[in-house]
Amino acid sequence: MTQLKQLKAATSLSDVARLLEIKPGMLSFLLYKKSKAVLYTKFDIPKRHGGTREIWAPDRDLKLVQHRLANLLQNCINEINAARGHIEDGKRYGVAHGFKRKHTIMTNAREHVTRRYVFNVDLHDFFGTINFGRVRGFFLKDKNFALQDKVATVIAQIACHDNKLPQGSPCSPVISNLICHMLDMTLVRLALGTGCSYTRYADDLTFSSNKAKFSSRVAKQDEDDKDHWLPGQGLMRLVTKAGFSFNEKKTRMQYRDSRQDVTGLVVNRKVNVPATYRYTVRAMVDHALKKGAFERVYKKIDAAGVEVIFRQPGKNKQLIGMLSYIDQVDLFNQKLREENGLELHDTSGRTELFRRFLYFDAFHAIASPVIVCEGPTDNIYLRHAIKRLAPLYPTLAAGSPPKLSVHLFKYGQRRTSEITQLTGGVGGLCHLMKHYYADFTQRIKAPAPKHPVIVLVDNDSGAKDIYGAICGITRKPRPTGAEQFIHVVGNMYVVPTPLGAGGAKTAIEDFFDAKTLNEKLGLKTFSRAAKFDDTKHFGKAAFAREIVEKKAATINFTGFSHILDRVVAVLIDYAKRHSSTP
């Protein structure tokens with residue numbers, strides 16, 4: 001039975017809880033017993049053009065329930081669309097673009113590229129206008145849902161706070177899209193009848209046209225101020241009938257001979273980030289690399305209507321978010337050009353800027369020593385080894401229970417890995433050292449880092465490529481593998497695993513005791529090979545997850561002292577180098 005059919009068949013709170021995969025008692029407690037005062041936390045965030053936006057953040061348990069309700073309703077929407085033959089697959093988009101799978105501000109803006117006119121209007125108090133009664137009534141009366149009275153009431157109780165959809169709830173966006181669907185359909189008909197294109201991103205409505213004259217049914221010029229446009233009678237009537245009103249301060253008409261933007265993206269010739277935004281981001285990155293810090297500049301309109309400039313110290317994660325935003329728009333455009341058989345634009349400069357700052361953030365502007373392993377399984381080994389041996393290594397972990405004083409580098413998501421070329425393994429580590437050497441010697445002029453970056457490598461046949469990369473960087477003889485550590489450049493070191501008896505090659509797994517290495521999962525034994533018979537053996541990922549992670553409290557990690565001694569030696573060496581840096 002599909003999820004939509006299960007929802008329509010539900011008759012009680014218990015049925016809803018089952019669909020959300022939570023206990024009925026927990027749902028009942030959240031809705032009827034837990035104090036309303038602790039269910040939400042209110043805070044304000046600044047708007048781009050002044051003023052603040054009121055956010056109501058649900059507590060952890062309620063947020064989980066709302067997330068699951070949002071996913072359930074989105075799955076139901078997909079079923080409804082599929083039954084109608086309407087598929088939004090990333091190439092064909094609907095009218096509403098906000099808070100939907102495979103929809104972004106880019107897909108919304110794309111519908112209005114290269115138009116003579118672009119008209120934007122904003123709905124006033126969008127979420128606040130959708131009250132408890134509207135939510136409950138929708139799920140009772142909409143023909144696609146037509147839920148039982150008790151079920152519609154429970155959904156409204158999960159979704160609403162203080163008799164409205166709160167901005168900050170995970171399920172407010174999907175429910176607002178459902179309730180606004182009828183409004184969207186009436187506005188689509190208005191657009192078709194007036195030669196316009198129409199899209200909506202949350203509370204932001206956009207109409208665009210290439211006709212010589214824009215339809216007065218959609219927008220009209222203010223008789224007293226020809227530069228000011230107002231919603232037309234047709235648009236006004238449909239929006240008012242749907243129970244919404246306009247935010248008059250955000251109503252604007254944009255012409256072809258000036259900059260046109262939709263949901264913050266320029267649409268004159270293609271979907272693009274405004275040039276001023278890109279230049280500002282580039283300047284902030286440049287300042288961070290040279291000085292070690294940067295400022296963010298805000299322009300706000302005060303109560304008297306005067307533009308005021310504010311400056312405050314920027315945070316690296318904010319700048320990474322801005323760089324990621326530019327990158328996502330570039331990727332969107334490149335995909336469109338590729339799909340249409342067009343030559344791709346060269347965006348390598350922006351990608352390189354993004355990579356450079358990611359390296360600066362991860363390896364230069366660090367608050368503690370960083371250890372980079374060859375992959376995520378090594379991180380698991382090392383984390384538990386340090387914690388278990390913490391009394392012997394107070395510089396690596398402290399407290400009870402022990403908390404690491406070093407940071408184990410985590411490899412990023414697919415796109416971040418593509419940009420940084422930090423994909424794990426020997427190849428990724430070679431890229432790391434070469435890129436960081438170039439950045440450290442040519443680009444990064446900020447004060448020297450306070451802590452080292454330690455690249456931990458298996459001292460086996462794969463290490464020869466790493467040693468070759470070090471030789472090329474330092475212009476010194478190739479490391480032999482017998483070194484305790486190797487200083488590469490700046491704050492970057494390579495620590496090879498200690499060689500075995502008679503100079504035998506080693507990998508990090510060699511420092512577990514035989515009992516741990518011989519642990520079985522069922523009848524399967526551990527294999528370190530890249531390829532193995534999975535009917536007889538399990539690999540490194542399962543070993544790290546099922547053996548080391550789950551049995552860390554009883555594992556003998558004494559062998560890892562040979563590795564941790566080298567890590568401590570690096571900390572001592574870099575402290576001396578850093579203290580002598582002018």
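What share of the contacts in the protein chain with a separation of 6 or more comes from residues 24 or more positions apart? The share is 66%, where contact means heavy atoms within 4.5 Å. Before going on, I should say that this is a predicted model, in which local features need pLDDT of at least 70 and side-chain atom pairs count only at pLDDT 80 or more, while totals for chains, interfaces and linings use all residues. Residues are numbered from 1 along each chain as its sequence is written, and side-chain values use heavy atoms, with hydrogens and water left out.

As for the overall picture, the protein chain has 22 helices and 21 strands, these being DSSP runs numbered from the N terminus, with H or I over at least four residues for a helix and E over at least two for a strand. The C-alpha trace spans about 90 × 55 × 50 Å along its principal axes. Of the 582 residues, 48% count as buried; here buried means under 20% relative accessible area, exposed means over 50%, and partly exposed is what lies in between, with a 1.4 Å probe and protein chains only.

Let me turn to helix α8, residues 132-141, whose buried residues are V135, G137, F138 and F139. The elements that cover these buried residues include α5 (60-83), α9 (149-159) and α10 (172-179). At the start of α8, a side-chain oxygen of N131 comes to within 3.2 Å of the backbone nitrogen of G133, which falls under the rule for a polar contact (a pair of N or O atoms within 3.5 Å where, within protein, one must be able to donate a hydrogen and the other to accept it, and where residues adjacent in sequence count only if both atoms are side-chain atoms).

Helix α8 appears again in the second largest pocket, since α5, α8, α10, α11 (181-193), β4 and α12 (233-241) each supply at least two residues of its lining. By a pocket I mean, on a 1 Å grid over the protein atoms alone, an open set of points for a 1.4 Å probe with protein on both sides within 12 Å along at least five of seven lines, and lining residues have an atom within 4 Å of a point. The volume of this pocket is about 850 Å³, a volume being the space filled by probe spheres set on the points, which are joined across faces, edges and corners. There are 37 lining residues, and N177, H181, M182, D184 and M185 lie nearest the centre. Helix α11 gives the most to the lining, with 7 residues. By class the lining has 18 nonpolar, 10 polar and 9 charged residues, where Ala, Val, Leu, Ile, Met, Phe, Trp, Tyr, Cys and Pro count as nonpolar, Asp, Glu, Lys and Arg as charged, and the others, Gly among them, as polar.

Next come the backbone features. Most residues other than glycine have a negative phi, and most peptide bonds are trans. Against that background, D125, in the loop between β3 (117-122) and α7 (126-129), has a positive phi near 45°, and this residue is partly exposed at 44% relative accessibility. A202, by contrast, is buried at 9%; its phi is near 60°, and it is found in the loop between β4 (197-201) and β5 (204-209). The peptide bond from S400 to P401 is cis, with omega near 0°, and P401 sits in the loop between β14 (397-398) and β15 (403-404).

In strand β5 we find D204, which is buried with a relative accessible area of 17%. Leaving aside neighbours within four places in sequence, D204 is in contact with N120, V121, D122, T199 and T263.

Finally, the aromatic rings: the count comes to 29 pairs, a pair being rings of Phe, Tyr or Trp (its six-membered ring) with centres within 6.5 Å, and planes under 30 degrees apart count as stacked, over 60 as edge-to-face and the rest as tilted. Y359 and F363 are edge-to-face because their centres are 5.5 Å apart and their planes are at 75°. These two residues are 4 apart in helix α15 (residues 348-364), so about one helical turn separates them. F512 and F557 form a tilted pair, 6.0 Å centre to centre with 55° between the planes. Both F512 and F557 are buried, and they belong to one aromatic cluster with Y381, F526, F538, F543 and F560.
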